[in-house]
Amino acid sequence: MPERLGPPRRTPLFQRLAIIGFGLIGSSIARAAKRLSLAGSVVAVDCEEAVLQRARALGVADEATADLVVAVRGADLVILCVPVGAYAAVTQAMAGALAPGAIVSDVGSVKGAVIAQVQPYLPQGVHFVPAHPVAGTEHSGPDAGFATLFHNRWCILTPPDGADGQAVDKLREFWAAMGSNVEIMSAQHHDLVLAITSHVPHLIAYNIVGTAADLEEVTQSEVIKFSAGGFRDFTRIAASDPTMWRDVFLNNKEAVLEMLGRFNEDLASLQRAIRWGDGEALFNLFTRTRAIRRGIISLGQETPEPDFGRRREE
Ligand code: NAP
């Protein structure tokens with residue numbers, strides 16, 4: 001699958017883009033936006049001075065500041081890229097400085113709770129269009145970002161009722177320019193879909209790695225030595241950012257608990273199949289799941305390479 005960005009735009013889509021939270025996702029947006037000339041200027045905001053210094057050193061933002069008010073003043077696109085638990089405080093702090101007609105968006109992995117946290121603080125005339133790029137890695141921070149992160153990945157927009165159509169179209173254009181396939185759905189549906197495709201898988205990975213770490217009969221060195229037996233692939237997911245994932249589970253409680261209930265029922269039936277020697281049930285399930293993986297590969301959402309093919313174009 002080629003991972004190439006298109007040529008830069010002749011005229012930018014936005015005059016001033018403020019990116020709040022300059023980690024993996026924020027710095028990837030900045031890299032892509034600069035490379036493609038999607039914004040006249042890109043402003044990086046972060047609460048960590050060390051992150052701001054990296055933003056300057058990497059040359060992926062025109063300005064870098066810890067001051068939210070300075071950053072969003074005159075911005076026509078503001079994207080929240082901080083952990084979801086920080087959204088309300090950030091929105092409250094910047095709300096008074098937002099320009100009329102500005103679009104406020106985000107990249108949070110949950111959407112219902114985000115709308116509840118952000119919308120009440122936004123002044124009239126500011127357009128709120130939440131978004132979630134379904135793309136990422138287990139790494140964090142500004143050095144982990146790369147311009148092609150969103151290429152050939154889905155970006156889901158969840159405009160609230162009454163959202164401004166032009167603002168939605170413009171944000172769609174922004175994500176499409178970065179190579180994303182854009183889909184629009186309700187926040188509630190998003191949270192249910194992502195609970196099973198992303199949140200529960202992360203919980204399972206955190207749990208299995210935790211269980212292995214706590215085993216008394218198997219030593220830590222054996223767990224590491226024989227990890228290629230499947231465990232290793234879970235450890236990649238379980239290395240994901242603890243703050244981000246704590247906030248995801250606290251903010252998508254209902255959907256995650258609903259999907260976990262189903263997961264537990266299915267796990268119990270697998271347990272029963274093993275106990276009673278029901279090889280047919282096991283074989284049938286494993287055949288069905290293999291077909292799902294092949295479907296993901298054929299849709300270009302994964303490669304068949306054993307290292308997951310996670311090459312990147314800097
Ligand atoms: P990250 O690499 O940890 O970056 C987040 C940055 O925001 C960090 O530099 C953090 O500083 C900073 N920050 C935290 N609170 C702040 C505040 N109140 N004001 C200003 N800066 C603040 O995280 P990320 O992976 O880019 O994730 C960011 C968002 O993207 C999350 O909402 C997540 O749900 C979403 N997302 C992530 C992925 C993924 O795979 N990682 C995929 C899709 C969407 P500190 O380090 O000092 O806290």
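The exercises below work through a predicted model, each with a solution in steps.

This is a predicted model in which local features need pLDDT of at least 70 and side-chain atom pairs count only at pLDDT 80 or more, while totals for chains, interfaces and linings use all residues. Residues are numbered from 1 along each chain as its sequence is written, and side-chain values use heavy atoms, with hydrogens and water left out.

**Exercise 1. The open sheet**

Task: find the order of the six strands in the open sheet, and say which strands stand at the edges.

Solution. Begin with the terms: strands (E, at least two residues) and helices (H or I, at least four) are DSSP runs numbered from the N terminus, and two strands pair if DSSP finds at least two bridges between them. In general, strands of a sheet pair through backbone hydrogen bonds, either parallel or antiparallel.

Step one is the order, which reads E3-E2-E1-E4-E5-E6, with parallel pairing. The edges are taken by strand E3 (63-65) and strand E6 (127-128), and because each has a single partner strand, one side of each is left without a neighbour in the sheet.

Step two follows the pairings through the sheet. E1 and E2 are parallel and share six bridges, and strand E1 (residues 14-20) is joined to E4, also in parallel, by four bridges. Leu 17 has Val 42 as its bridge partner in E2, and its partner in E4 is Leu 77. From E4 the path goes on to strand E5 (residues 103-106), with four bridges in the parallel sense, and here Ile 79 stands opposite Ser 105.

**Exercise 2. The two faces of E4**

Task: decide whether the residues on the two faces of strand E4 (residues 77-80) are buried or exposed.

Solution. Buried means under 20% relative accessible area, exposed over 50%, and partly exposed in between, using a 1.4 Å probe and protein chains only. In a regular strand the side chains alternate between the two faces of the sheet. In E4, Leu 77 and Ile 79 are on one side and Val 78 and Leu 80 on the other, and all of them are buried, which leaves both faces covered.

**Exercise 3. From E7 to E9**

Task: state in which sense E7 pairs with E8, and in which sense E8 pairs with E9.

Solution. E7 and E8 run antiparallel and are joined by three bridges, with His 132 standing opposite Ile 156 in E8. E8 and strand E9 (residues 181-184) run parallel and are joined by four bridges, and in this pairing Cys 155 stands opposite Val 182.

**Exercise 4. Two cysteines**

Task: explain why Cys 81 and its closest cysteine sulfur do not form a bond.

Solution. A disulfide is a covalent bond between the sulfur atoms of two cysteines; here the term requires a pair of cysteine sulfur atoms within 2.5 Å. The closest cysteine sulfur to that of Cys 81 belongs to Cys 155 and is 11 Å away, which is too far for a bond. A search of the whole structure accordingly lists zero disulfides. Cys 81 is buried, at a relative accessible area of 12%, and Cys 155 is also buried, at 0%.

**Exercise 5. Positive phi**

Task: describe where Ser 37 lies and where Asn 152 is found.

Solution. Most residues other than glycine have a negative phi. Ser 37, however, has a positive phi near 55°, and it lies in the loop between helix H1 (24-35) and strand E2 (39-45). Ser 37 counts as partly exposed because its relative accessibility is 27%.

Asn 152 has a positive phi of about 60° and is found in the loop between strand E7 (131-133) and strand E8 (154-157). At 16% relative accessibility Asn 152 counts as buried. Its side chain reaches the backbone oxygen of Gly 300 at 3.0 Å.

**Exercise 6. The ligand**

Task: name the residues that come nearest to the ligand.

Solution. Of the 27 residues around the ligand (a heavy atom within 4 Å), Ile 25, Asp 46, Val 82, Ser 109 and Gly 141 come nearest. An oxygen atom of the ligand is 2.7 Å from a polar backbone atom of Val 82, and a backbone N or O atom of Gly 141 lies 2.8 Å from an oxygen atom of the ligand.

Key:
Polar contact = N/O pair within 3.5 Å; in protein donor to acceptor, adjacent residues only side chain to side chain.
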